[in-house]
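Biologist: Please take a close look at the largest nonpolar core of this chain. I would like to know what builds it and what surrounds it.

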Amino acid sequence: MRTPICNGCAWAKSLCPECKQKLDRGALSQLDVDVSRILYRINETHNISRASFLNSVDFGNVVILLTDSEPGILIGRRGKVVSALSLALGRKVRIIKKDGDIKRLIADLVSPARLLGINAVYSAGQEKLKIRICAPEGKALYLDEGTLQSVIKSWIEKDVDIIIE
Ligand SMILES: [Zn+2]
């Protein structure tokens, strides 16, 4: 299993100098450490050793875990792994695959709302992405528009407009 902390730090009470330094310079968050430690424990009972956990994004009552391995590993059969994570963190957890596929990343992030389209628009020589989303009927998005906008913007390093239809 790959996580942002080393195997030793998964079981030790405090972090080794190397992981501690990553935490201090912000390459790692406390939530990343907590999630990694939980994953190592889950790995004792559910085999998730093929999982690769990149980092977590904290949205308060929702935590997103980014993975570059098959997301199904961290979801687990019938959602067992993600439920155990959610229980340990006391928050809702979503697993999202992060690789070069921006469209799928955004579609996963906004789900269960539907991604209708992504268009690049240019103004004053700057590229901006217009992302059109169709909210599920009668349901609110689990992340509000402003949060979606800022998280997508930080991931793709481009200006983003979210349009909900
Ligand atoms: Zn370490």
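Modeller: This is a predicted model. First, the setting. The chain holds 7 helices and 6 strands. From the N terminus, the elements run α-α-α-β-β-α-α-β-α-β-β-α-β. The C-alpha trace spans about 50 × 35 × 25 Å along its principal axes. Of the 165 residues in the chain, 23% are buried.

Now the core itself. The largest nonpolar core has 15 residues. Those with the most contacts inside it are Leu39, Ile48, Ala51, Phe53, Leu65, Leu74 and Val81. Several elements give it two or more residues each. Three are helices: α3 (30-45), α4 (71-75) and α5 (80-89). The others are the strands β2 (62-67) and β3 (92-97).

Take Ala51 as a vantage point. Set aside its neighbours within four places in sequence. Ala51 is then in contact with Met1, Leu39, Thr67, Ser69, Ile73 and Leu74. Two of these partners, Leu39 and Leu74, are also among the core residues with the most contacts. Contacts between residues far apart in sequence are frequent across the chain: among contacts with a separation of 6 or more, 51% join residues 24 or more positions apart.

The strands of the core belong to a sheet. It is an open sheet of 3 strands, in the order β1-β2-β3, with mixed pairing. β1 (53-58) and β3 are the edge strands, each pairing on one side only. From one strand to the next, the twist averages 25 degrees. β2 and β3 run parallel and are joined by 6 bridges. One residue ties this sheet to the core list: Leu65 has Ile95 in β3 as its bridge partner, and Leu65 is among the core residues with the most contacts. In general, strands of a sheet pair through backbone hydrogen bonds, either parallel or antiparallel.

Next, the wider chain. The domain assignment gives domain 1 (7-97) and domain 2 (102-164). Their centres, taken over C-alpha atoms, are separated by 25 Å. The contact between them takes 5 residues from domain 1 and 7 residues from domain 2. On the domain 1 side, the touching residues divide into 4 nonpolar, no polar and 1 charged.

Finally, back to the core. The elements that give it two or more residues are α3, β2, α4, α5 and β3. Another core lies apart from it, with 10 residues. Among them are Leu109, Val110, Leu148 and Ile152.

Technical notes
Residues are numbered from 1 along each chain as its sequence is written. This is a predicted model: local features need pLDDT of at least 70, side-chain atom pairs count only at pLDDT 80 or more; totals for chains, interfaces and linings use all residues. Helices (H or I, at least four residues) and strands (E, at least two) are DSSP runs, numbered from the N terminus. A residue is buried if 20 or more other C-beta atoms lie within 10 Å of its own, exposed if 12 or fewer, and partly exposed in between; C-beta atoms are placed from the backbone. Two residues are in contact if their C-beta atoms, placed from the backbone, lie within 7 Å. A nonpolar core is a set of buried Ala, Val, Leu, Ile, Met, Phe, Trp, Tyr and Cys residues joined through C-beta atoms within 7 Å. Domain bounds come from an automatic or database domain assignment. Ala, Val, Leu, Ile, Met, Phe, Trp, Tyr, Cys and Pro count as nonpolar, Asp, Glu, Lys and Arg as charged, and the others, Gly among them, as polar. Two strands pair if DSSP finds at least two bridges between them. Axes are lines fitted to C-alpha atoms, for helices over the stretch in contact, and angles run from 0 to 180 degrees between N-to-C directions.
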